[in-house]
Amino acid sequence: MSMPSLALLYLALTVFLTRAVGTLQEDKRVEITELLVPEAPSDGDDVTLTCRFQLAGSDHDLYTVNWWRGKDQFYTYKGTTFDPKHAYAFRGIQVQKENSTQEVVVLKNVSQDTSGVFKCEVMGEGPSFRTAVQTKTMTVIVPPTHVDIVSWRRPDPPTYSAGDTIHLNCTARGAKPRATLHWKINGKSARELHLERYSDFEDSRGRVSSTLGLRWRAPEYFSNNVARAACLAVVAGRSTTTAVREIYLHPASSAAFNHQYASAGCELTTSWIILSLAAISIAQNFP
């Protein structure tokens with residue numbers, strides 16, 4: 001066979017093999033089928049990150065699974081070695097290596113510093129090194145260190161008379177994100193007109209202290225001379241802490257406000273009694 005013929009044969013074989021290998025490489029795919037990252041775990045929780053995937057194509061094996069928090073690569077699983085697990089510590093990141101696998105990573109004792117964008121990267125073997133990537137955000141909830149109700153009246157528990165103004169403040173300290181406060185009195189939500197809103201205070205770590213005031217006039221909300229005020233702190237949609245304070249209405253003071261007709265169940269107020277007596281007096285002076 002002449003040299004030109006051999007050259008043509010070599011060229012044809014090269015093109016054929018290149019196309020064949022290319023076709024095989026195109027058949028190899030990596031797909032992440034499920035990425036599970038808790039959106040809002042609580043401070044101190046152990047959390048599980050899950051990255052399920054599929055490798056498609058003939059003789060397509062796993063090369064690595066890599067986990068990142070922002071720019072920090074904290075876990076690698078290598079599918080081609082006898083020691084596949086490799087974990088790296090960062091601020092807020094502590095991997096429980098013994099319970100982690102190629103699809104699952106367990107983080108111990110998460111904190112505010114753990115929060116961030118988490119990325120799972122799955123890579124198939126070479127020479128193609130097909131890769132799939134997905135991300136999700138985790139924000140660790142820091143509940144309030146304290147939720148306190150403060151009364152501006154002494155003694156404690158305070159006692160009020162009808163017509164007195166009750167003034168309470170509820171403060172949730174050190175939450176992240178900020179706590180939303182809700183007042184209930186004897187199980188009923190306080191009306192908006194009785195709420196007093198104050199500015200938040202944020203510390204150097206981004207933790208927020210929030211205060212919501214409650215002001216109303218006795219005897220409203222009292223039942224059997226007692227008002228049980230409860231303040232509920234909610235962080236990221238999750239109820240965290242409730243503080244409760246009981247206050248009392250003086251029995252003698254409440255009597256005039258709670259006098260009722262036996263049959264009609266209507267309140268007989270002091271003003272109505274005075275008007276009624278005046279009307280009777282006037283009527284008696286006319287024949």
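# Strand pairs and disulfides in a predicted model

Modeller: T180 of strand β12 stands opposite V234 in β17. This is a predicted model.

Biologist: What makes β12 and β17 a pair of strands?

Modeller: Two strands pair if at least two bridges are found between them. Strand β12 (residues 180-185) and β17 are joined by 6 bridges, so they count as paired. The two strands run antiparallel.

Biologist: Which sheet holds this pair, and which strands stand at its edges?

Modeller: The order is β10-β18-β17-β12-β13, an open sheet of 5 strands with mixed pairing. β10 (159-160) and β13 (188-189) each have a single partner strand, so one side of each lacks a neighbour in the sheet.

Biologist: How do you know that C170 and C231 form a disulfide?

Modeller: The cut-off for a pair of cysteine sulfur atoms is 2.5 Å. C170 and C231 have an S to S distance of 2.0 Å, which is within that limit, so the pair is called a disulfide. The angle about the S-S bond is -80°, and the link is left-handed.

Biologist: What does the link between C170 and C231 tie together?

Modeller: C170 sits in strand β11 (residues 165-175) and C231 in strand β17 (residues 226-235), so the bond ties parts that are 61 residues apart in sequence.

Biologist: Are C170 and C231 buried or exposed?

Modeller: Both C170 and C231 are buried. The word applies to a residue with under 20% relative accessible area.

Biologist: How many disulfides does the rule give for the model?

Modeller: The count comes to 2 disulfides. Besides C170 with C231, C51 is joined to C120, with S to S at 2.0 Å. That distance is within the 2.5 Å cut-off, so this pair also qualifies. The C51 and C120 link is left-handed, with -85° about the S-S bond.

Biologist: Why does the bond of C51 and C120 tie together parts that are 69 residues apart?

Modeller: C51 is in strand β2 (residues 47-56) and C120 is in strand β7 (residues 116-124), so the bond spans 69 residues of sequence. C51 is buried, as is C120. With bonded cysteines counted along the chain, the pattern of the disulfides is 1-2, 3-4.

Biologist: What is the order of strands in the sheet that contains β2 and β6?

Modeller: β1-β2-β6 is the order, in an open sheet of 3 strands with antiparallel pairing. Its edge strands, β1 (29-36) and β6 (104-107), pair on one side only. From one strand to the next, the twist averages 20°.

Biologist: How do you know that β2 pairs with β6?

Modeller: Pairing needs at least two bridges, and β2 and β6 have 4, so they pair. L49 stands opposite V105 in β6.

Biologist: What joins β4 to β3 and to β5?

Modeller: Strand β3 (residues 62-69) is joined to strand β4 (residues 72-78) by 6 bridges, running antiparallel. W68 stands opposite Q73 in β4. The hairpin of β3 and β4 has 2 residues between the strands, and G70 takes a positive phi near 65°. β4 is also joined to strand β5 (residues 85-87), by 3 bridges and again antiparallel. The at-least-two rule is met, so β4 and β5 count as paired. Here a hairpin connects β4 to β5 through 6 residues, and T76 stands opposite H86 in β5.

Biologist: What does the protein chain come to as a whole?

Modeller: Its secondary structure comes to 3 helices and 18 strands. Of its 287 residues, 34% count as buried. Among contacts with a separation of 6 or more, 61% are between residues 24 or more positions apart. The accessible surface is about 17,200 Å², with 54% of that belonging to carbon and sulfur atoms.

Biologist: Which elements have the lowest and the highest mean pLDDT?

Modeller: Helix α3 (residues 270-284) has the lowest, 40, and β6 the highest, 98. For the protein chain the mean is 83, and 78% of residues reach 70 or more.

Biologist: Where does pLDDT stay under 50?

Modeller: One stretch is residues 15-25, for which the model has 3 contacts beyond four places in sequence. Another is residues 259-287, with 11 such contacts. Where pLDDT is low, predicted coordinates should not be read in detail.

Methods: Residues numbered from 1 in each chain as written. Predicted model: local features only at pLDDT ≥ 70, side-chain atom pairs only at ≥ 80, totals over all residues. Heavy atoms only, no water. Buried < 20%, exposed > 50% of the residue type's maximum accessible area, 1.4 Å probe, protein only. Contact = heavy atoms within 4.5 Å. Areas by Shrake-Rupley, 256 points an atom, 1.4 Å probe, with all protein chains shown as cover. Axes fitted to C-alpha atoms, helices over the stretch in contact; angles between N-to-C directions. pLDDT = per-residue confidence, 0-100.
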